[in-house]
Amino acid sequence: MKINRFTSLAAVGIGIVITALAASFFIVERNLMLQSLADDLNQNLFYIESELRHTLGDKPVSQIQSVLDRAVAINQSLLVISVSVDGEHISASSSRSLVGRLLEKNYLPMTDMAQGIVKGHVDYSEIINFYENNADRKQIVLLITLDSKYVFDRMNQVAFFYGFGLFIVLGLIAIAVYIVADRVITAPFSRIINHAREGRSPADSYFIDELNELNRTLNETFSALNQKQYELKRSLAQTTYLDGVLRTVADINQLLITSKNVRELMDQSVSRLARHSGYSVCMILRAEQAQLIVRACSINDDNPLCLGRLMTDGAEIDAGNPFIQAFMTKRAVVVEQISLDASDPGLQLAPWQLLAAQKSSGSLIALPLVSNVQDDPLGVLVVYALRASGFELKEIAMLEELAGDIGFAIRAFEHREQLQHHLTTDADTGLPNRVAFIDQLNTSSGGLIGLINIDRFSDINAVYGVAIGDALLKQYGLWLKARAQGRDDIQLYRMGGDEFALYFKASELLSEVRLFFVDLIAATSNSAFKVAGVEIVLTITVGVAHAADGGLAHASAAIKQAKLDHQSIGLFNGLDSTKQQENNIAWYKRIKDAIETSRIVPYFQPIVDNKTQAVTKYEALIRMIDSDGMVITPYQFLDVAKKTKLYSQLTRVMIDKVLEVFKESTVPVSINLSTEDLMNQELSDYLAQRLTETGMGHLLVFEILESEGVNNYEVVSAFIQRFKAKGCLFAIDDFGSGYSNFDHLIKLNMDILKIDGSLIRTLPHDRNSQIIVQHICDFAHEMGIRTVAEFVSNEAIYRQVCEIGIDDSQGYYFYEPLERPL
């Protein structure tokens, strides 16, 4: 309850009490006065009784009239006084009109007058005994009626005067007490409460010491509370601000994973960073030829400060340039209290200062983009903040970590792009190579392939030398590129050696493509290619086939057939020839018979650790033992097995026999699985059942053929996760021979990467192969993937493999495939 309300209620209570006291005093005083009047009347009536006895003793009753008249005259409180001799009729009365009337009123005894008057009775009677002539004893009834107006009205007035007087006196006293209490207690309390509510703490002084102490205590308490509230608000604002920074960093880290290239990564990173409420402009500068150049900026308009070169001369630390300082010192540099006027023509501003002035930025931080602590910075991440007080320590730590993540992501993307370029581009001609062509075939459907082979190119190398031969291939590649110029439906590839390929994306009819190549064959033979002063005329043979279902092999077969037939162009019409059908049927019978008679067997080629040369695992290689005991390699029968739906049976046989051989072993063994195997749910369930029965999941490594490509990541990833849960490991086989998509390693969570023999064979003398293999090895190791070199066949290759840092080797230099493990 508020003190003002309490005071008002107290005043009302006091008024009620005073009123009650005055009313009580009035009642008590009235009763006392009436009792005093009754006592006086009793005394007067005593004298009247005495006079009446005296009169009645000497005179007859008729002579007492004068006594009654005199009694009424001298006593104002008596209205009527009467006498009844017989007790029924009034014999004499001060009011003559009453004489002779019956006694009708209810008279109280005069002995009860004191109580009767208080209750308002006015009629009383008394029996008077007397002796007439001093001889006979007689009695009469004395009747009196009081004057109610005199008795009660007067007494009430007197009592009311005394009661009202008391009310006035007590009221004045109460008002005085109320005023004093209000001034001394209520008003100070109200001021103290108002000051506390308003948060003010004036140094007021009060009459009561306790109120002064209370005011001081409240002032100190609220001052402390205000300080605490300020600190809490500041802490909340700081926490909210840092939470926004943390969310921004988390979003950018997600972008680093989902970005498709460096350009997208940088643009999305600065754009997301600038959306933080405390930042204005964010940008990424890259170090290029001793210069810092803006490559990504959050400003969407055509601001000249965010286009092209922003900072130059990075040779020495510039004390006034935070970007160069951060780059050179590899540490975050913070500039606070930036207050510049870009409109002042007399003020010469550096570009970083001008940008701060244009965007009303109060501070900035420059952070080096470092992929790891040993490397030099790739550039600088710059964040302009709106507030002038700079950056929180936790905020700086988060931004430093973010700059490191961006630097690592940029470096990884660039390594990946460089490696992808080496893998998919021919170094001599700059054309997409065989890897890129197989990638195209795996990701496209339909179209036609035209494979171009230069006739007798080995003779050109023999006559003119390899250098001229290479230059001729480059010139011819550029000539082919010019011929295909303007045709969006044609893509040219360098296949290696003396072969080129044209991929016709939209063509379906062999006859249409044949006309193109007839013209190309004629144009080639009619052109003279001049290299080192030597004119050389070329002729070519072309094989054309549908791209689907092994189109490259079909086109190559068409070239061979065309040369056998002494034609310049060969068309592959499919596998529906009678000869091919007969061949497929024959192989189908041989494979089926081999399965039924248990002549499908695994051979085991050891894989050795390059550091210790100890056997660390085996690869199980499928072989078919023919009816005459001849060992048949998989290259002769696997394609037919796939076409005739026997492939899954071969895989089952290999699984069962490998598990049987290695049931007592502690050395892991790898089994090759095609994408067809990975997509076969029935085979997957059978394999899971066998691993559950044998408990040998920790000994199995499944090798997935990289050259086949992976189109359904969801199903393949589910297969991998299912069997990794059973302890199995997974490897990419023949990496570098075909699809060469690094997404395999990232999306499919591979454990081992086996580098294809086509790259390993040429390591000692082919610089391009060395670069490609080195990049593959570095990338795999950064991903935590173990590497294996395939087809290590001699000492020179082995030394090169070890120098590059490949973990394991497999090949005839160590072991050929064996019937039984060592």
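1. An aromatic cluster comes first. In this predicted model, Tyr476, Trp479, Phe500 and Phe529 form one such cluster. Across the structure, the count of aromatic pairs is 20.

2. One pair to look up is Phe437 with Tyr493. Their ring centres are 4.8 Å apart. The planes meet at 45°, so the pair is tilted. A tilted pair has planes neither under 30 degrees apart nor over 60.

3. What does this pair tie together? Phe437 belongs to helix 10 (residues 434–443). Tyr493 belongs to strand 13 (residues 490–496). The pair therefore links parts that are 56 residues apart in sequence. Both Phe437 and Tyr493 are buried.

4. Next, turn to Phe719 and Phe723. These two form a tilted aromatic pair. The distance is 4.6 Å centre to centre, with 45° between the planes. Both residues lie in helix 20 (residues 713–724). They are 4 residues apart there, so about one helical turn separates them.

5. Are Phe719 and Phe723 buried or exposed? Phe719 has 5% relative accessibility, so it counts as buried. The cut-off for buried is under 20%. Phe723 is buried too, with a relative accessible area of 0%.

6. Charges over rings deserve a look as well. The charged end of Arg590 sits over the ring of Trp587. It is 4.1 Å from the centre of that ring. Lys642 lies over the face of Tyr647. Here the distance to the ring centre is 5.3 Å.

Definitions and conventions
Residues numbered from 1 in each chain as written. Predicted model: local features only at pLDDT ≥ 70, side-chain atom pairs only at ≥ 80, totals over all residues. Heavy atoms only, no water. Phe/Tyr/Trp six-rings, centres within 6.5 Å; stacked < 30°, edge-to-face > 60°. Helix = DSSP H or I, 4+ residues; strand = E, 2+ residues; numbered from the N terminus. Buried < 20%, exposed > 50% of the residue type's maximum accessible area, 1.4 Å probe, protein only. Lys NZ or Arg CZ within 6 Å of the ring centre and 35° of its normal.
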